[in-house]
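Colleague: I am new to this structure. Could you take me through its metal sites and its ligand pocket?

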Amino acid sequence: MALLSTIDFPHKIVETEGFAHKRIDLHSHTNCSDGTLSPQTLIDRAVNFQLNVLAITDHDTVAGLDIAQKHIEEKNIPLKLISGIEISTAWQGFEIHIVGLNIDKNNSALTALIAQQQQAREDRARTMGEKLAKCGFPTIYEDAKEMAGEGSITRAHFAKVLHQQGHVSTMQQAFDKYIGKKGSKGQRAYVKPNWCSIEEAVDVIHQAGGSAVMAHPIRYDLSAKWLRRLIVDFKEANGDGLEVVLPQMNPEQRKKMLGYCNEYDLHASMGSDFHYPNRWSDLGRNLTMPVGATPVWAQWQ
Ligand code: AMP
Ligand code: MN
Ligand code: MN
Ligand code: MN
């Protein structure tokens, strides 16, 4: 990575020596995308769970970061906020999520990419609404839009509305029956999104001075052969790291992801991908950086 002056990139001043033995979570969502908590409530929850470092990584938006940072400063909260984003990309017909960490949230290339991604979200949401209307559910787009408010509109909003209106019995069923993609064409109301490429996402994250990490590699339903292909392409696109630790991952999976990191010289990241309080996972829970990994924050000194 190029040497960047800390005067031009003040966000890069991160005292990472203090990361040792700290409780760290580098993947979380607020209601600026499809999380349910406001940035302030998320920060309060992180402190209650005794986290020391938290990255907010909303889908294709950085809107929650200023709100969260202001709250931290006003209340003098002992938490280090890492500026992040989760960018949706298109790769070989799959939707791959790239997390940008320790970014300059005001970088102009990033701002432009966010605008492009927001347009793609809006276009997809409208078409999805039209398809759902044909399924007999006429106002879903408007309802999902209202739920998303000023934030990034996602399929999670559509799933929640379909569930609330009794058209499906769980949010998962909304994906399985209508808006998800299983097989080549997807379900009845699936709309192929117009996301940027992995290369573009990584390049823009780097222009914003950040680290590009592939989110939840285990969650793409890829065979071992295809997952390796994805990791090779990500590395060729100059990607920096993989999420090797998610709360739901078993030791075997963690070991496998760490193996990929070592094989392809990638850094390791970890995060809960917290969206809302639930029984199975929470902020910072069950996250430990494995021995032998080079953590992503080693890039931030
Ligand atoms: P989007 O980025 O608009 O495609 O919305 C995807 C979001 O929906 C993910 O980030 C998850 O939070 C949520 N989600 C929940 N269940 C599923 C599922 N089965 N497939 C894809 N996304 C899901
Ligand atoms: Mn989400
Ligand atoms: Mn994701
Ligand atoms: Mn996420």
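Colleague: How are the donor residues of the manganese ion (ligand 3) spaced in sequence?

Modeller: This is a predicted model, where local features need pLDDT of at least 70, side-chain atom pairs count only at pLDDT 80 or more, and totals for chains, interfaces and linings use all residues. Residues are numbered from 1 along each chain as its sequence is written, chains are lettered from A and ligands numbered from 1 in the order written, and side-chain values use heavy atoms, without hydrogens and water. Donors are N, O and S atoms within 2.8 Å of the metal (3.2 Å for Na, K and Ca); water is not among the atoms, so sites may look incomplete. For ligand 3 the protein donors are Glu86 (OE), His97 (ND1) and His216 (NE2), at 2.1 to 2.2 Å, and their spacing is E-x10-H-x118-H.

Colleague: Which parts do His97 and His216 tie together?

Modeller: Helices (H or I, at least four residues) and strands (E, at least two) are DSSP runs, numbered from the N terminus. The pair ties together parts 119 residues apart in sequence, because His97 lies in strand E4 (residues 94-101) and His216 in the loop between strand E5 (211-214) and helix H8 (224-236).

Colleague: Which residues coordinate the manganese ion (ligand 2)?

Modeller: Ligand 2 is 5.5 Å from the manganese ion (ligand 3). Its donors follow the spacing D-x24-H-x215-H. They lie at 2.1 to 2.2 Å: Asp34 (OD), His59 (NE2) and His275 (NE2).

Colleague: What are the protein donors of the manganese ion (ligand 4)?

Modeller: This ion is 4.6 Å from the manganese ion (ligand 2). The spacing along the chain is H-x1-H-x56-E-x186-D. The donors are His27 (NE2), His29 (NE2), Glu86 (OE) and Asp273 (OD).

Colleague: How far is the polar side-chain atom of Gln172 from a nitrogen atom of ligand 1?

Modeller: A polar contact is a pair of N or O atoms within 3.5 Å; within protein, one must be able to donate a hydrogen and the other to accept it, and residues adjacent in sequence count only if both atoms are side-chain atoms. His59 has a polar side-chain atom 3.0 Å from an oxygen atom of ligand 1. His275 also has one 3.0 Å from an oxygen atom of ligand 1. For Gln172 and the nitrogen atom, the distance is 3.2 Å.

Colleague: How many charged residues does the shell around ligand 1 have?

Modeller: Residues count as near when a heavy atom lies within 4 Å; those around ligand 1 include Glu95, Arg121 and Phe175. Asp, Glu, Lys and Arg count as charged; Ala, Val, Leu, Ile, Met, Phe, Trp, Tyr, Cys and Pro as nonpolar; the others, Gly among them, as polar. The shell has 2 nonpolar and 4 polar residues, and the charged ones number 5.
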